[in-house]
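Here is a protein chain to look through together, one "how do you know?" at a time. Have the model open as you read.

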Amino acid sequence: MRARPEAVLAVIAAGATAVIGLWWAHTPAVAGLDGWLTNAGRVTGLLAGYAIAVLLALMARVPALERGVGADRLARWHSMGGRYVVGLAVAHVLLITWGYAVTEHTDVVSETVTLNLTYPDVLKATAALLLLVGVGVVSARRIRPRMRYETWFHLHFYTYLATWLAFGHQLATGEEFIGDRPAQVAWYALYLGVAALLVWYRFLTPVRLALRHRLRVARVVREAPGVVSVHVTGRRLDRLGAEPGQFFRWRFLTRDLWWSPNPYSLSAAPRNGELRITVKDLGDQSRSLAGLRPGTRVLAEGPYGALTGRARRARKVLLVAGGIGITPMRALFEALPAAPGDLTLLYRARDAGDMVFRAELEEIATARGATLHYCVGPRALVGDPFKPETLAALVPGLRDHEVYVCGPDGMTAAVIAALRAAGVPRRRVHHESFEF
């Protein structure tokens with residue numbers, strides 16, 4: 001089962017509409033400055049409570065979402081939604097406090113103290129707000145790249161604590177829930193349902209897969225400077241249902257690596273009871289993979305990702321890879337069904353030392369009658385390979401191709417813009433980024 005992005009957004013929007021309807025049903029009239037401020041605070045609080053449940057559900061690693069919507073798109077939705085949650089939560093606190101202060105004819109500071117010390121669960125909700133703001137700060141675009149992925153990843157677990165701290169406050173002081181049993185049941189169902197998804201897919205499923213498949217490192221092969229391939233074997237790997245272009249979140253059970261799962265794509269089609277990933281040295285975790293020993297136990301969550309042949313509509317296919325983005329493209333280059341002459345791979349690298357799988361790619365191209373183009377060197381020397389006219393010259397009949405793109409975000413954006421300018425329909429352009 002694969003969820004369609006449009007359907008997921010429609011369900012989220014319907015839920016938000018129902019939340020606003022809940023407020024409307026419990027608000028016969030709004031009058032005066034205090035009334036407008038307080039009710040604006042009620043609406044923003046309800047939406048913040050609903051939105052945080054949605055955000056957690058989006059990142060619960062539900063296979064239907066991961067394979068239908070795509071992990072990178074879910075991550076973008078989660079990132080954008082996180083900013084809305086923090087904004088709504090802050091607005092809720094400010095508006096409610098101001099509205100109550102006007103009603104009580106007091107100042108905002110005194111009312112803040114009163115709310116936190118006398119209203120049930122408000123102090124815990126304040127702690128939740130501070131946690132959410134903290135997670136939002138470390139996820140800001142200027143701060144996130146300066147942090148290790150593992151640190152950022154584990155700081156995000158405070159979102160669970162913030163959600164738990166805020167939940168009681170919503171039911172204890174929310175006018176929409178006091179005395180409305182169906183509304184309380186619906187809110188409990190929302191949160192308990194999301195909690196069940198998180199427990200099942202993020203915690204129990206990896207353990208279940210580990211017991212079923214008994215994954216272990218078979219060998220580690222150096223592919224290029226700073227790039228290694230890790231070959232993983234196990235039992236009944238065909239039951240994983242992994243497809244070329246997909247990725248897993250890998251946790252290697254060594255003293256230094258067990259505590260952090262990282263997303264790596266399959267760099268070859270699954271076969272003979274073996275999976276292969278290829279990793280570039282981009283930090284402590286990826287660097288440590290070069291020292292893995294054969295026999296190391298592995299936990300893998302997945303497969304995830306929508307960058308597969310299932311998305312294909314056209315007969316001809318163009319694959320565009322940049323840097324280590326060649327890993328899923330190499331798997332697709334090997335496995336996508338295509339007649340001779342219908343499959344093209346464009347591989348962009350800064351220099352020859354950064355190229356991976358060159359011998360394998362040339363062997364696949366020869367065996368399949370596929371076309372292989374390299375673009376190697378600094379942009380100042382080779383020019384812009386992603387101009388619409390350049391792509392059209394390299395790939396005759398470009399408009400009739402299904403296109404898959406994987407690489408750094410800047411390159412991916414440039415390729416997509418060039419493809420659209422060259423007349424390739426949006427529905428035929430597929431891409432995923434794993435920089436989340």
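Q: How do you know that the span of helix 4 agrees with its 34 residues?
A: Helix 4 covers residues 71–104, and at 1.5 Å a residue it should span 50 Å. Its end C-alpha atoms are 48 Å apart in this predicted model, which agrees with the expected span. Just after the helix comes His105, with a positive phi near 55 degrees.

Q: What makes up residues 84–102, helix or strand?
A: Helix: the span is 100% helix and 0% strand, and its end C-alpha atoms lie 26 Å apart. The UniProt entry, which is unreviewed, annotates residues 84–102 as a transmembrane region. The same annotation covers residues 152–173, where the chain is 91% helix and 0% strand, with 33 Å between the end C-alpha atoms.

Q: Why is the pair of Trp187 and Tyr191 called tilted?
A: Their ring centres are 5.9 Å apart, and a pair needs centres within 6.5 Å. The planes meet at 40 degrees; under 30 would be stacked and over 60 edge-to-face, so the pair is tilted. It is one of 11 aromatic pairs in the structure.

Q: What separates Trp187 and Tyr191 along helix 9?
A: About one helical turn, because the two residues are four apart in helix 9 (residues 181–213). An α-helix has 3.6 residues a turn, so residues three or four places apart point the same way.

Q: How do you know whether Trp187 and Tyr191 are buried or exposed?
A: Buried means under 20% relative accessible area. Trp187 has 5% and Tyr191 has 11%, so both count as buried. These two residues also belong to one aromatic cluster with Phe167, Phe177 and Tyr188.

Q: What makes Phe248 and Trp250 a tilted pair?
A: Their ring centres are 5.2 Å apart, and their planes stand at 50 degrees. That angle falls between the limits of 30 and 60, so the pair is tilted. Both Phe248 and Trp250 are buried.

Q: How do you know that the charged end of Lys124 sits over the ring of Trp164?
A: The charged end is 5.5 Å from the ring centre, and the limit is within 6 Å, together with a position within 35 degrees of the ring normal. Arg358 and Tyr374 give another case, with the charged end of Arg358 over the ring at 4.5 Å from its centre.

Q: Why is strand 5 described as largely enclosed by the rest of the structure?
A: Strand 5 has seven residues, 274–280, and five of them are buried, so it is largely enclosed.

Q: What makes strand 1 and strand 5 edge strands?
A: The open sheet has three strands in the order 1-2-5, with antiparallel pairing. Strand 1 (216–224) and strand 5 each pair on one side only, and they are the edge strands. From one strand to the next the twist averages 20 degrees.

Q: How do you know that strand 2 pairs with strand 1 and with strand 5?
A: Pairing calls for at least two bridges. Seven bridges join strand 1 to strand 2, and seven join strand 2 (residues 227–233) to strand 5. Both pairings are antiparallel. Within them, Val220 has Val230 in strand 2 as its bridge partner, while Val232 stands opposite Leu275 in strand 5.

Methods: Residues numbered from 1 in each chain as written. Predicted model: local features only at pLDDT ≥ 70, side-chain atom pairs only at ≥ 80, totals over all residues. Heavy atoms only, no water. UniProt positions renumbered as here; feature names shortened; annotations may be inferred. Expected span 1.5 Å × (residues − 1). Phe/Tyr/Trp six-rings, centres within 6.5 Å; stacked < 30°, edge-to-face > 60°. Buried < 20%, exposed > 50% of the residue type's maximum accessible area, 1.4 Å probe, protein only. Axes fitted to C-alpha atoms, helices over the stretch in contact; angles between N-to-C directions.
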